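This report works through one protein chain, taking its helix packing, its cysteines and a few individual residues in turn. The sequence and structure are shown first.

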Amino acid sequence: LTVPVTSISSMPMKQHKGNYKHGLSGTSIYRRWYSMIGRCKYPSHTSWKWYGAIGISVCERWLKFEYFLEDMGFPPFKNATIERRNRHAGYFPDNCYWATRKQQARNRSNNLLLTFNGKTKSAAEWAEELGLDYELVSDRKYKGWSDEDALSIPKVDARILVKNGVSKTRFEWAKELGIKAGTIWWRLKHGWSDEEALEP
């Protein structure tokens, strides 16, 4: 997984002495390794809460860059990312491989399940069905949004609905009629008229 190397400047580096002898400290593979260490070991890293904080760790051998390089080798293609076969386990030789961005996204999405209107599907499936951006849905879930809100609230919602000659936004109608905004959106998505979508 590739994460921008931000907020790592405060990471203590004494345990990595000697890593610069390999002459690869400015390369993409070194940055990938460095970021992997950061998000798993240091709370100052921007992605710590999704890795180290939930128990995702790096094996002792890979704390030294040379051993990581020996086991993984150089990325076999451009923009390769470090992917874990078992998303609930950490970073170690048998659990990691070089993946494409597409493979990475698929693995992430297949492990993020959401329930909406009584059905449970992966985030990728919901995003495709509802016409949403997967990254938007994923980001909302990481921020603690409910499944329904993550899937039912468009990035921009300026839709005006008319009922009995009165025009209001979907959220205004939802509040007034006691209907969930997500339910109204789902009805409209499936071809219901404004009047039908706003029926209690």
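## The buried face of H8

In this predicted model, helix H8 has six residues that count as buried, if one reads down the list of Ala 181, Gly 182, Ile 184, Trp 185, Arg 187 and Leu 188. The elements that cover these buried residues of H8 include strand E3 (113-116), strand E5, and the helices H4 (123-130), H6 (147-152), H7 and H9 (194-197). Just after H8, the backbone at Gly 191 adopts a positive phi of about 90 degrees.

## H7 against H8

One of the elements covering H8 is H7, and the geometry of this pair can be described in its own right. Two packed helices are described by the angle between their axes together with the distance between those axes. For H7 (residues 170-177) and H8 (residues 181-189), the angle is about 125 degrees and the axes lie 9 Å apart. Angles from 65 to 115 degrees count as roughly perpendicular and those over 145 as roughly antiparallel, and H7 and H8 are therefore oblique to each other. The crossing in which H7 passes H8 is right-handed.

On the H7 side, the contact is made by Arg 170, Phe 171 and Ala 174, which meet Ala 181, Gly 182, Ile 184 and Trp 185 of H8. By character, the residues of this contact of H7 with H8 comprise 5 nonpolar, 1 polar and 1 charged. Ala 181, Gly 182, Ile 184 and Trp 185 also appear among the buried residues of H8.

## H1 against H2

A second helix pair is formed by H1 (residues 28-41) and H2 (residues 65-72), whose axes come within 11 Å and cross at roughly 115 degrees. That angle makes H1 roughly perpendicular to H2, and the crossing of H1 and H2 is right-handed.

Ile 29, Tyr 30, Trp 33 and Met 36 are the residues of H1 that meet H2, where their partners are Phe 65, Phe 68 and Leu 69. The residues in the contact of H1 with H2 divide into 7 nonpolar, with no polar and no charged residue taking part.

## Cysteines and the loop after H1

The structure holds 0 disulfides, and the sulfur distances show why for two of its cysteines. For Cys 40, the closest cysteine sulfur is that of Cys 96, at 9.2 Å, which is too far for a bond. For Cys 96, in turn, the closest cysteine sulfur belongs to Cys 59, and at 8.0 Å this is also too far for a bond, given that a disulfide requires sulfur atoms within 2.5 Å. Cys 40 is buried, with a relative accessible area of 8%, and Cys 96 likewise counts as buried at 5% relative accessibility.

Ile 54 is located in the loop between H1 and H2 and is exposed, its relative accessible area being 58%. Ile 54 and Cys 40 are separated by 14 residues in sequence, while their C-alpha atoms are 9.1 Å apart in space.

## Strand E5 and its surroundings

Val 162 lies in strand E5 (residues 160-163) and is partly exposed, with a relative accessible area of 34%. Setting aside residues up to four places away in sequence, Val 162 touches Ser 167, Trp 173, Asp 194, Glu 195 and Leu 198. Between Val 162 and Ser 193 there are 9.5 Å in space, C-alpha to C-alpha, although the two are 31 residues apart in sequence.

## Two asparagines with positive phi

Most residues other than glycine have a negative phi. Asn 117, which is not a glycine, nevertheless has a positive phi of about 50 degrees; this residue sits in the loop between E3 and strand E4 (119-122) and is partly exposed, with a relative accessible area of 40%. Asn 164, again not a glycine, has a positive phi of about 55 degrees. The loop that holds Asn 164 runs between E5 and strand E6 (166-169), and at 65% relative accessibility Asn 164 counts as exposed.

## The chain as a whole

The protein chain contains 9 helices and 6 strands, and 40% of its 200 residues count as buried. Among contacts in the chain between residues at least 6 apart in sequence, 48% join residues that are at least 24 apart.

How values were computed
Residues numbered from 1 in each chain as written. Predicted model: local features only at pLDDT ≥ 70, side-chain atom pairs only at ≥ 80, totals over all residues. Heavy atoms only, no water. Axes fitted to C-alpha atoms, helices over the stretch in contact; angles between N-to-C directions. Helix = DSSP H or I, 4+ residues; strand = E, 2+ residues; numbered from the N terminus. Parallel < 35°, antiparallel > 145°, perpendicular 65-115°, else oblique. Left-handed = near helix turned anticlockwise from the far one by under 90°. Contact = heavy atoms within 4.5 Å. Nonpolar A, V, L, I, M, F, W, Y, C, P; charged D, E, K, R; others polar. Buried < 20%, exposed > 50% of the residue type's maximum accessible area, 1.4 Å probe, protein only.
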